[in-house]
Amino acid sequence: MTEKEKASRSLTGIAGIVAMATLISKIFGLLRQQAIAAAFGVGMAVDAYNYAYVIPGFLLVLLGGINGPFHSAIVSVLAKREKSEAAPLVETMATMVGGMLLVVSLGLVLAAGFFIDLVAPGLSQEVRAIAIQQLQIMAPMAVLAGLIGIGFGTLNAADMYWLPSVSPLFSSITVIGGLGILVWQLGGQVNAPQYVQLGGTVLAWGTLLGAILQWLVQVFAQWRAGMGTLRWRFDWRQPGVKQVLQVMGPATLSSGMLQINLYTDLFFASYIPQAAAAMNYAGLLMQMPLGIISNVILVPLLPIFSRLAAPENWSELKGRIRQGLLLTAVTMLPLSAVMIALAVPIVRLVYERYAFNQQASQLVASVLIASSIGMFVYLGRDVLVRVFYALGDGETPFRISIINILINAVLDYFLVKPFGAPGLVLATVGVNLISMVALLWLLNRKLHGLPWREWSTPFLGLAGSSAIAGLVSWGISWSIQYLWNANSILIQLLQLVVAGSIGLGVFALFAVRLNVPEVEIFVTRLRQRFSR
């Protein structure tokens, strides 16, 4: 077997592991949101939680997320060093990061009211009070976020992909467990006005306990792999620390700018009742397939990008960039088209029960349509950002992100009035599109040219095939809705399965004719792995 075949098989094997683990985690995340929707609908407890979670969630995604800056920086550095150097470096970074974020956590507890007013100035007094209490409970997640992010990178650098990808399910389990106890105690009165604050408290404690479990499991795995333990270490001068900070600093600032865009959206959303809850429910539906495919593509490719960062390897690096973008297109474009076509039945099937009524479904579906439009550019931008990180350049994505904050605020201002909550999501889509175009242009200059013509043909073909698939899915869904009353869960499920399957099947028929070699190899390898 050639080295190229070994690399391809290794990439496919990692992708299979990450896909399965992430799928399990996302399923539990969906169950968590279904439990929250059934208990609270789009009421005050969950609306307050969405604002209280902005800063802890921002830090968990920014610092503790797979493919986040901490994860990317640790992988980029450890992938080029001996395993014996890992434990001292990881322990030093954990000490440094943990100490700084402890101060942040204390600040969140003491100034919770200030931060809630900053994030959501338009809240009612009752929702504000619940949000403040929830933020104070979840404040320790600031420390946990940094440690979890370092753990993700450390385990991936040690070729351990299952645990990091599946570990987010702990938060879902603890929240579901807390809601289960609450329902057992209160019965059908969970959403009653006198229990709104209690319900909000349960959501916050469940989220915090989940983050604690996620971190503890990672620490145990790191210790067994010889990649660091719970040990204070202050060896700031070792070379690896400087290398990690050179990537981590700009990457954190760059990713932070993206999260500031989310804050900007929520600032405008606080003046629209139920908008934050609707954006959260729709966001989870989009993030479920997006998160799985994101991890499948980015997690195995990041170490490869790092190993090909030297100028003499740039020809192969360009091929890997093409591979990442094509895999993004062949997965995101058809899924985006189908989700736009089937947004209403998706939301009704997943959420519409108990406190979540038909009016809530229409609101969330409109936001889901706007979110689905931007799935390709969201992930495509992330692929390109990881290339810059691998090249040791975290400043370029950071500078682009700063400019995008202003662009996002302007788009929010102009789109929120005509479109409401969906307009805020469309503003984010516009920002991601601008980012992706700018990154491609700068990467073209940095790598002394990209083969634009060679790349453009398959992308245009995949886009056209996806549009046809979306139209077919919409037509079949409308026909089923017209012929049968789709209020039954079974009919809704049939509507989604039939319309979605035929739409994706139509896409596959057209896509096969494009003869994209990277996708054919990837699908074949993946099929071989899961057929074992």
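Helix α17 passes helix α19 in a left-handed crossing, and that pairing is a handy place to start with this predicted model. The protein comes out as 22 helices and zero strands. Buried residues account for 57% of its 532 residues. Take the contacts between residues at least 6 apart in sequence: 85% of these join residues at least 24 apart.

**The α17/α19 packing**

- The axes of α17 and α19 (residues 421-446) lie 9 Å apart, and the packing angle is about 35°.
- On the α17 side, the residues that meet α19 include F376, V377, Y378, G380 and R381, with L384, V385, V387 and F388 also among them.
- On the α19 side, the residues met by α17 include V429, N432, L433, S435 and M436, and L439, L440, L442, L443 and K446 are also among them.
- R381 puts its charged end over the ring of Y378, at 5.1 Å from the ring centre. Both R381 and Y378 are among the α17 residues that meet α19.

**Just past α19**

- H448 sits in the loop between α19 and α20.
- Its phi is worth a glance: H448 has a positive value, near 60°, and is a residue other than glycine. For context, most residues other than glycine have a negative phi.
- Is H448 buried or exposed? H448 is exposed, because its relative accessible area of 64% is over the 50% cut-off.

**Aromatic pairs**

- The count of aromatic pairs comes to five.
- One of them is Y49 with Y53, a stacked pair with 5.6 Å from centre to centre and 25° between the planes.
- The two tyrosines fall into separate accessibility classes: Y49 is buried at 11% relative accessible area, while Y53 is partly exposed at 26%.
- F376 and F459 make a tilted pair, because their planes stand at 55°, with the ring centres 6.4 Å apart. Tilted covers plane angles that are neither under 30 degrees nor over 60.
- F376 belongs to α17 (residues 375-390) and F459 to α20 (residues 452-483), so this pair ties together parts 83 residues apart in sequence.
- Both of these phenylalanines, F376 and F459, are buried, and F376 also turns up among the α17 residues that meet α19.

**Around α10: T174 and I181**

- T174 lies in helix α10, and so does I181, with the helix covering residues 169-186.
- T174 counts as buried because its relative accessibility is 16%, under the 20% cut-off.
- I181, by contrast, is exposed at 54% relative accessible area.
- Leaving out neighbours within four places in sequence, T174 is in contact with G206, L209, G210 and L213.
- With G206 there's a polar link too: a polar atom of the T174 side chain lies 2.5 Å from the backbone oxygen of G206.
- The C-alpha atoms of T174 and R32 are 9.1 Å apart, with their positions 142 residues apart along the chain.
- For I181, the C-alpha separation to V202 is 9.4 Å, and these two are 21 residues apart along the chain.

**Q34 in α1**

- Q34 is part of helix α1 (residues 3-40).
- Which residues does Q34 touch, not counting residues up to four places away in sequence? The partners are V350, Y351 and R353.
- The C-alpha atoms of Q34 and I176 are separated by 9.4 Å, and the two residues are 142 apart along the chain.

**Two buried polar residues**

- S361 sits in helix α16 (residues 358-373) and is buried, with a relative accessible area of 0%.
- Setting aside residues up to four places away in sequence, S361 touches V347, R348, E352 and F356.
- Q495 is in helix α21 (residues 489-512) and counts as buried at 3% relative accessibility.
- What does the side chain of Q495 make a polar contact with? The partner is the side chain of S477, at 2.8 Å.

Methods. Residues numbered from 1 in each chain as written. Predicted model: local features only at pLDDT ≥ 70, side-chain atom pairs only at ≥ 80, totals over all residues. Heavy atoms only, no water. Helix = DSSP H or I, 4+ residues; strand = E, 2+ residues; numbered from the N terminus. Buried < 20%, exposed > 50% of the residue type's maximum accessible area, 1.4 Å probe, protein only. Polar contact = N/O pair within 3.5 Å; in protein donor to acceptor, adjacent residues only side chain to side chain. Phe/Tyr/Trp six-rings, centres within 6.5 Å; stacked < 30°, edge-to-face > 60°. Lys NZ or Arg CZ within 6 Å of the ring centre and 35° of its normal. Axes fitted to C-alpha atoms, helices over the stretch in contact; angles between N-to-C directions. Left-handed = near helix turned anticlockwise from the far one by under 90°. Contact = heavy atoms within 4.5 Å.
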